[in-house]
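Here is a protein model to look over. The questions below deal with its surface, its cores, a hairpin and the confidence of the prediction.

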Amino acid sequence: MDTSAGAEDAALKETKEASDKSEKDNAKATGKKSEARHAESRYAEVPMNHMFCHICNKHMWNGFSFENHLRGRAHRLMMDKLDESYKVKVDLMRHELRVAEEQRQLSLNNSKRRSKKVSVDFNVREYCTMCNLNFYGTLSMHRKSEKHQQLKTFLYPHCFPCLKKFPSRIEYDEHCLSPTHMKNAVQCEEQRKNKEDEKLAKGEAEVRTAEDEDKTGPKYVCETCKLQVGYKQSLIQHMKLKHSSLKTDYTCKECGNTYSTHFNAERHIKKVHNVKSSLASQYIIERVRPGGGNKEEENNNELSNLIDDADVAPKKSDEEEKYEPLEADATLVRVQQNK
């Protein structure tokens with residue numbers, strides 16, 4: 001009985017090994033056949049693992065199956081649906097532009113009622129065909145605005161691997177599925193990886209953590225309230241706001257609104273007047289005025305002297321307590337109350 005059972009187990013094992021071997025052989029044959037079909041397709045120069053349709057979110061086995069997918073009815077239906085969604089998004093972006101322009105007009109009208117100086121001529125209105133928008137101001141200024149640039153980029157996309165521009169977004173999507181684009185995209189990806197490998201080999205891609213900055217980075221100290229900051233520009237801004245006898249006002253050229261910090265003025269210009277971040281500083285007027293209070297004049301000289309005399313804080317040991325922003329703010333409030 002034992003001998004017959006052992007013979008049956010050996011036979012089953014041989015049968016299983018034979019079936020596994022046949023499956024591997026079939027897989028190899030299928031793989032070779034797939035590679036042969038891929039070599040005969042238009043996508044022969046593109047690796048098989050890049051046969052991906054971003055419209056349908058599907059991976060294909062080879063270039064031959066990828067071509068059949070692009071000619072299929074399901075893919076064409078997805079392209080039509082995508083084109084409709086693009087039109088809806090363009091309408092939404094234009095609606096946001098109209099809302100932003102209405103808010104800007106309300107702000108300008110409020111400034112005019114308050115007898116503030118406004119740099120916009122209310123008798124002249126321009127029209128942008130791309131945005132389908134009437135607005136106050138010059139057309140060149142509007143074309144530099146952030147929302148106009150976003151709409152332009154969406155309507156007329158640019159392919160960086162192929163260095164081409166397209167008149168519509170759906171044509172750009174069709175181009176992304178072409179053999180030329182996929183080949184160029186693969187080459188660009190390989191070049192990027194090679195550059196990263198070179199940087200890693202040279203040690204240029206070293207990542208510094210916040211703890212490393214705490215150990216090695218200098219800490220600037222305010223002599224008046226002993227507040228420590230990590231950057232010199234932060235110390236300058238702190239001294240301007242809290243301890244300088246000279247105050248700086250930042251005024252918007254468009255509507256005349258005045259702010260105490262450059263950041264607030266820049267944020268107002270980007271949000272209300274739809275100006276690009278890189279151009280926002282051109283719309284800000286800085287005015288220096290004497291600050292009120294004799295204590296500030298007695299305790300603080302010119303801002304430049306304060307900055308030059310700023311000390312560098314000593315490095316903290318591991319046992320010392322780390323800098324806490326909330327604790328520093330509380331200390332700053334106590335110092336101001338004592339004044």
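Q: What is the accessible surface of the protein, and what percentage belongs to carbon and sulfur atoms?
A: This is a predicted model, so the areas are computed from predicted coordinates. The accessible surface comes to about 23500 Å². The part that belongs to carbon and sulfur atoms is 50%.

Q: What percentage of the residues of the protein count as buried?
A: The protein has 339 residues. Buried here means under 20% relative accessible area. By that cut-off the buried part is 31%.

Q: Which element gives the largest share of the largest nonpolar core?
A: The largest nonpolar core has 26 residues, and Met51, Phe66 and Leu151 have the most contacts inside it. Elements that give two or more residues to this core are helix 2 (63-71), helix 3 (73-113), strand 4, helix 5 (146-155) and helix 7 (179-202). With five residues, the largest share comes from helix 3.

Q: Which residue numbered above 100 is in contact with Met51, leaving aside neighbours within four places in sequence?
A: The contacts of Met51 include His38, Tyr43 and Val46. They also include Lys58, His59, Met60, Asn62, Gly63 and Phe66. The remaining name on that list is Met182.

Q: How many residues does another core, with Phe122 among them, have?
A: This core lies apart from the largest one. Among its residues are Phe122, Leu279, Ala280 and Ile284. Its count of residues is 15.

Q: Which residue in strand 4 does Tyr127 stand opposite?
A: Strand 3 (residues 125-128) and strand 4 (residues 133-136) pair in the antiparallel sense over four bridges. The two strands form a hairpin with four residues between them, and Asn132 in the turn has a positive phi of about 55°. Across this pairing, Tyr127 stands opposite Asn134.

Q: How far apart are the end C-alpha atoms over residues 250-278?
A: UniProt, in an unreviewed entry, places the feature "domain: C2H2-type" at residues 220-248 and 250-278. Over residues 250-278 the chain is 38% helix and 17% strand. The end C-alpha atoms of that stretch are apart by 17 Å.

Q: Where in the protein is confidence lowest, and where is it highest?
A: The mean pLDDT of the protein is 76, and 68% of its residues reach 70 or more. Confidence is lowest in strand 12 (residues 311-312), at a mean of 42, and highest, at 94, in helix 6 (residues 169-176).

Q: How many contacts beyond near neighbours in sequence does the stretch of residues 309-333 have in the model?
A: Over residues 309-333 the pLDDT is below 50. Beyond near neighbours in sequence, the contacts of this stretch in the model number 25.

Definitions and conventions. Residues numbered from 1 in each chain as written. Predicted model: local features only at pLDDT ≥ 70, side-chain atom pairs only at ≥ 80, totals over all residues. Heavy atoms only, no water. Pairing = 2+ DSSP bridges. UniProt positions renumbered as here; feature names shortened; annotations may be inferred. Core = buried A, V, L, I, M, F, W, Y, C linked by side-chain atoms within 4.5 Å. Buried < 20%, exposed > 50% of the residue type's maximum accessible area, 1.4 Å probe, protein only. Contact = heavy atoms within 4.5 Å. Areas by Shrake-Rupley, 256 points an atom, 1.4 Å probe, with all protein chains shown as cover. pLDDT = per-residue confidence, 0-100.
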